[in-house]
Amino acid sequence: MAREDTLLESMPKQALNRHWVWIALWYAAGIFWAHRLPWAVWLLGPLFGLAGAAVLVFPLRMPRRSHWGIALLCLGLGMTLYGLRMPKSTPDTLGQYALSYPRGRHAFEGVVKKSAIHIAGDEYTTFTLQVDRAFKGAETVPILGRAVVRWSRPDRPVFAGTRVRVTGRLSPHLGTVNHGVRGFEDYYRARGVYSEMRASGDAVTLLALPRYSPRYWAARLRQGQHEVLSRVIPESVYPFVLGVWLGEQSHINREVYAQFLYAGTAHVLSVSGVHVAIITISLGLLLQVLGVPRRLRNVLLMAGVLAFTMMTGAQTATVRSAMMICMYLSAELFNRESDALSVLGLSGCAFLAWNPALLFDTSFLLSFGSVASILLYYPGLSRAMSVCPPVIRAPITTTLAAQMVTIPIAAWHFNLISLLGVMANLAVVPLLTAVLWLCFLCGLLGAVFPGIAILFGHAMLVVVRVIEWTNAAASWVPGAYASVTRPSLPAVLFYAAAVCLLFPLLYDPQYRKRNAILAVAFLAVSLLLWNPLWKHPVVDFIDVGTGDSIFIRTPGGTTLLVDGGDTSEYVDAGERVVTPFLYANRVKALDYVVVTHPDRDHIGGLFTVLKHIRVGAVLLGPEGKAPVALETDFIAQCEHRGIPVHRLERGNRIPVEGAEIQVLHPSHDWAARNTGNNTSLVLHVSWPGLSLLLPGDVEEEAERELLPFMAQPAVLLKAPHHGSPTSSSKAFLEKVNPALAVASMQAEGSRQTLMTPAMVRRYADHGITLFRTDWHGGVRIQPTRKGLQVHTVRGTRGYCLKPVSLSGNRP
């Protein structure tokens, strides 16, 4: 048997004997449980560590004593380090100042920590600022903290490491937050950013350049690459190049991005471990064809990988992947076998020791997972497909190997599994290889020989077009992709078991049949457990920023979505918030979508929801005295998709299981005489333990019309018209007499915040406990035997932008 075949068949046994693999696994397990049980970190962490040290020091009689000693030690170390470095719920000094919601514009100075590419004509950009001082008139005040700066109409680039002064509005609100979904606010807070500044035009002033900062020169190189490439690459394909070479996806057309997503090739649009692997494998094949000796080949490969990393801006995901590849390639320089398993374990330990929170970072999981998957499965898959020519075998096996580990990660975070991804990648990955090398040549030659670089840039036009056509064709094939809900934890564990069994299946022929049967069985169980059949009844007030959106699941399992948030040329709440929320909470179908009234901040996001979620019926209010364009377009989309549309009026009931939903407003006559907010559908929802009033955006006039038909009070009220002074009259609040109220609105201090301090006091004066989505995030109400349980997203994550407005008149 050849030496290479012998090494391949011994890989499963190597996995059991690689200490760094086990150290990394136990260390990661400690971090995971510290995240799940934060209250027990300082009890269990030292306890496991001391137990592990005792097992190693004292001569106990137990099998594999050293293994269990190191396991306990690493478990305790992982918990302790995560406890020391876990994201803090208490904000920094700047964040605490932001919680006072200071009015007006303020000036701050600090050092830029992370910046984006400056593209001429962009309406806004963002960068992270490490603030160290603030200015109050002529007075300088020391203040420490990090903020994300959203700079509209930027007039120049800013680079990491530069010192700047920013004048703008400060807020603690970083984005919408909802149950089961990790958004921008979670992303920034995990990185120690607790506040946001909004600046415009010349409000950002450059103060000093750090001439000796590596981060500064990496950012400058990335900006320089953009300026060179934008001159030599055709404008029509440049957004694609921005994504695959510089990691900037914001300019890619939404429809084009969706085609990549459905075809299973969206991973090529951000610089990651797959790109590093493509450069390594393609350059390695070239050097092998040229007959370069193995040791020199590894040196040249490492140089090529590092050059690629620097030219693409030394982004974190690329640097991590490059480090792993270089560690793997460097083994032979020290007369050691290249050991993929030890490299995985050692690099995993290094990355998690540097930042334990990376274990929960999507980018890290995808980049580390794809490289790990390639290192583990590529050799076995390549040998299994040895009958294919290397030119065909390499892209197929690279794609298959990269997706082994990352499928559940992608399903968990992106709710999509491409069923034709392998076939699409068979064409896209080789073409991406060509694009990456053409980008390399354009970037290298563009500054010195632009005429030659333009030739390579225009050659890219054909390649990118073929990639886009391939994705369009793959996405249009029936059954090309499956939109999936977030998998349950047991489903992920069974999938992991199936993938683990596939590892010895590829390398060890001794138990191939048994492992194949078990792998298929575990995969089938994973699919069965993917989406649990029974779910608790719940009312979720979704934080959509501007607008309303409420999800209801009755005790009998009927699901309703009442409104869907706003949509505009900048943001679509249906795409960004509502659909991800539904998938993350394992809602793949809705029995009803209810539109209270056709204002944009209520109906706008529902257009996207209809595209992605199966809907049984759409319910609207009675026809008004004049057609509304948005409603007309929405009805047309329902007809196109075969979704029945029904109109409701006062006295109707919505048939649901285990609950009762009555329509209290408007009547047909009222809708014919009025327009706008006062024609909102008003629903009364009740089941044992819950009574809820959803009044849409009704104002005082409609509230007076509604009061005679309120047969019973409601324990829970959605604040009408987002808590605006035009609604929530004293007579209305006295009649409804709720214990709890939820107001959905944009961040406090913005133009869309309709609820004034006087309205907050009015609710408190009536003994109503008030929750606001801008303060508390999404609000979840669950009836229990002991009463209503209220869970706010920010509260469950250990912080809040303002305390709950508790009433003084009720227990």
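A cavity is a set of grid points where a 1.4 Å probe fits but cannot get out. In this predicted model, the structure holds one cavity of 30 Å³ or more. The briefing below covers that cavity, an open sheet of seven strands, the aromatic pairs, of which there are 14, and the cysteines, among which a search finds zero disulfides.

**Cavity**

- The volume of the largest cavity is about 30 Å³.
- Its lining consists of Ala 116, Ile 117, His 118, Thr 125, Trp 151, Arg 156, Pro 157 and Val 158.
- Sorted by class, five of the lining residues of the largest cavity are nonpolar, two are polar and one is charged.

**Sheet**

- Seven strands form an open sheet with mixed pairing, in the order β15-β16-β17-β18-β19-β20-β21.
- At the edges stand β15 (653-654) and β21 (769-772), each of which pairs on one side only.
- Within the sheet, strand β19 (residues 716-718) pairs with strand β20 (residues 740-743) in the parallel sense, over three bridges.
- Lys 718 has Val 742 as its bridge partner in β20.
- In general, the strands of a sheet pair through backbone hydrogen bonds, either parallel or antiparallel.

**Aromatic pairs**

- The structure contains 14 aromatic pairs.
- One of them joins Phe 351 and Phe 364, whose ring centres are 6.2 Å apart with planes at 85 degrees; the pair is therefore edge-to-face.
- Because Phe 351 belongs to helix α14 (residues 340-354) and Phe 364 to helix α15 (residues 362-384), this pair ties together parts that are 13 residues apart in sequence.
- Phe 351 and Phe 364 are both buried.
- The rings of Phe 551 and Phe 581 have centres 6.4 Å apart and planes at 70 degrees, so this pair is edge-to-face.
- Phe 551 lies in strand β10 (residues 550-553) and Phe 581 in helix α21 (residues 573-584), so the pair ties together parts that are 30 residues apart in sequence.
- Phe 551 is buried, as is Phe 581.
- Phe 159, Tyr 216 and Trp 217 are linked into a cluster by ring pairs.

**Cysteines**

- A disulfide is a covalent bond between the sulfur atoms of two cysteines.
- The search of the whole structure finds zero disulfides.
- Cys 74 is in no disulfide, and the nearest cysteine sulfur, that of Cys 349, is 6.8 Å away.
- With a relative accessible area of 10%, Cys 74 is buried.
- Cys 439 is also in no disulfide; the nearest cysteine sulfur belongs to Cys 442 and is 6.5 Å away.
- Cys 439 counts as buried, because its relative accessibility is 0%.

Key: Residues are numbered from 1 along each chain as its sequence is written. This is a predicted model: local features need pLDDT of at least 70, side-chain atom pairs count only at pLDDT 80 or more; totals for chains, interfaces and linings use all residues. Side-chain values use heavy atoms; hydrogens and water are left out. A disulfide is a pair of cysteine sulfur atoms within 2.5 Å. Buried means under 20% relative accessible area, exposed over 50%, partly exposed in between (1.4 Å probe, protein chains only). On a 1 Å grid over the protein atoms alone, a cavity is a set of points where a 1.4 Å probe fits but cannot get out, and a pocket is an open set with protein on both sides within 12 Å along at least five of seven lines; lining residues have an atom within 4 Å of a point. Grid points are joined across faces, edges and corners, and a volume is the space filled by probe spheres set on the points. Ala, Val, Leu, Ile, Met, Phe, Trp, Tyr, Cys and Pro count as nonpolar, Asp, Glu, Lys and Arg as charged, and the others, Gly among them, as polar. Two strands pair if DSSP finds at least two bridges between them. Helices (H or I, at least four residues) and strands (E, at least two) are DSSP runs, numbered from the N terminus. Rings of Phe, Tyr and Trp (its six-membered ring) pair if their centres lie within 6.5 Å; planes under 30 degrees apart count as stacked, over 60 as edge-to-face and the rest as tilted.
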